[in-house]
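Student: I should like to work through this chain at the level of its residues and elements. May we begin by looking at it together?

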Amino acid sequence: MPSPYDVLVVGSGPAGGTAARYAARRGLRVLLVDKRKEIGVPVQCGEYVAHNDEVRAIFPTVDGLDDLMEIPYRVREVDTPVIRVWSPRGRRYDVPFRGFTVRRDRMDQGIAAQATKSRLTEGPSVPRSSSDRTGRDRPSRSPSGSNGPCPLPR
Ligand SMILES: Cc1cc2nc3c(=O)[nH]c(=O)nc-3n(C[C@H](O)[C@H](O)[C@H](O)COP(=O)(O)OP(=O)(O)OC[C@H]3O[C@@H](n4cnc5c(N)ncnc54)[C@H](O)[C@@H]3O)c2cc1C
């Protein structure tokens, strides 16, 4: 029996969610699955993310980076204009480099939501997590997780 999908992505972390997003917007039928009940939960770390302009500067010849970091902009917390390095003798070095911290669970969920957009046919509602107190950017539907698949129809 032929598969209804062109691509199966296992794991909806930043890598899997982004891979699904790029594959889906090229017209491929993608199935994104994750073993977690809720994407990004439990939170792995307090996340630092580079600004998209810095990513483009680092990889000037790579196509398709224009909106690579679009999702984190909606979940950003603190802008960081420099990377600060402390030497063992206590000397401080500030390296100009734009970035920001994000809410990691929201970032992973946002990337997966970007992959599915409104084409998700059905999904379980997202239970509130302990890091969900403000209610900002909370999707009404889970793009994946729930120990189940998240189909991305063409
Ligand atoms: C303490 C700590 C701090 C960090 N700080 C930063 C930072 O500040 N900035 C930064 O850029 N990076 C940071 N990182 C690294 C960053 O978290 C990883 O590079 C990133 O999470 C890798 O993304 P990924 O999508 O490859 O994997 P993951 O984020 O690990 O996602 C993998 C996904 O696959 C799912 N999965 C695994 N196995 C299966 C299976 N068998 N079936 C279905 N689903 C499965 C998991 O549930 C998970 O959702 C940090 C990491 C740690 C541990």
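The questions and answers below go from the overall fold to single residues.

Tutor: This is a predicted model, in which local features need pLDDT of at least 70 and side-chain atom pairs count only at pLDDT 80 or more, while totals for chains, interfaces and linings use all residues. Residues are numbered from 1 along each chain as its sequence is written.

Student: In what order do the elements of the chain run from the N terminus on?

Tutor: Helices (H or I, at least four residues) and strands (E, at least two) are DSSP runs, numbered from the N terminus. The chain has four helices and six strands. Their order is β-α-β-β-α-α-β-β-α-β.

Student: What percentage of the 154 residues of the chain count as buried?

Tutor: A residue is buried if 20 or more other C-beta atoms lie within 10 Å of its own, exposed if 12 or fewer, and partly exposed in between, with C-beta atoms placed from the backbone. By that criterion, the buried share of the 154 residues is 29%.

Student: Which element gives the most to the largest nonpolar core?

Tutor: A nonpolar core is a set of buried Ala, Val, Leu, Ile, Met, Phe, Trp, Tyr and Cys residues joined through C-beta atoms within 7 Å. The largest one has 15 residues, of which Ala20, Val30, Leu32, Ala112 and Ala115 touch the most other members. At least two residues each come from α1 (14–24), β2 (30–33) and α4 (104–116). The greatest contribution, five residues, is that of α4.

Student: How many of the 13 residues of α4 are buried?

Tutor: The expected span of a helix is 1.5 Å times one less than its number of residues. For α4 this gives 18 Å, which agrees with the 19 Å between its end C-alpha atoms. The helix is largely enclosed by the rest of the structure, because the number of its residues that are buried is 13 of 13.

Student: Which residues of β2 point to the face where side chains are buried?

Tutor: Strand β1 (residues 7–10) runs parallel to β2 and is joined to it by four bridges; two strands pair if DSSP finds at least two bridges between them. Val10 has Val33 as its bridge partner in β2. Side chains alternate along β2: Leu31 and Val33 point to one face and are not buried, whereas the buried residues on the other are Val30 and Leu32.

Student: Is Ala23 buried, exposed or partly exposed?

Tutor: Ala23 lies in helix α1. Beyond its neighbours within four places in sequence, Ala23 is in contact (C-beta atoms, placed from the backbone, within 7 Å) with Val7, Leu28 and Val30. Because Ala23 has 19 C-beta neighbours inside 10 Å, its class is partly exposed.

Student: Which residue in β5 does Ala50 stand opposite?

Tutor: In β3, Glu47 and Val49 point to one face and are buried, while Tyr48 and Ala50 point to the other and are not. Four bridges join β3 to strand β5 (residues 92–102), and the two run antiparallel. Opposite Ala50 stands Gly99.

Student: Which residues are the closest to the ligand?

Tutor: A residue is near a molecule if its C-beta atom, placed from the backbone, lies within 6 Å of it. The elements giving two or more residues to the shell around the ligand are α1 and β3 (47–50). Of the 16 residues that surround the ligand, the closest are Gly11, Gly13, Ala15, Cys45 and Tyr48.

Key
Two residues are in contact if their C-beta atoms, placed from the backbone, lie within 7 Å.
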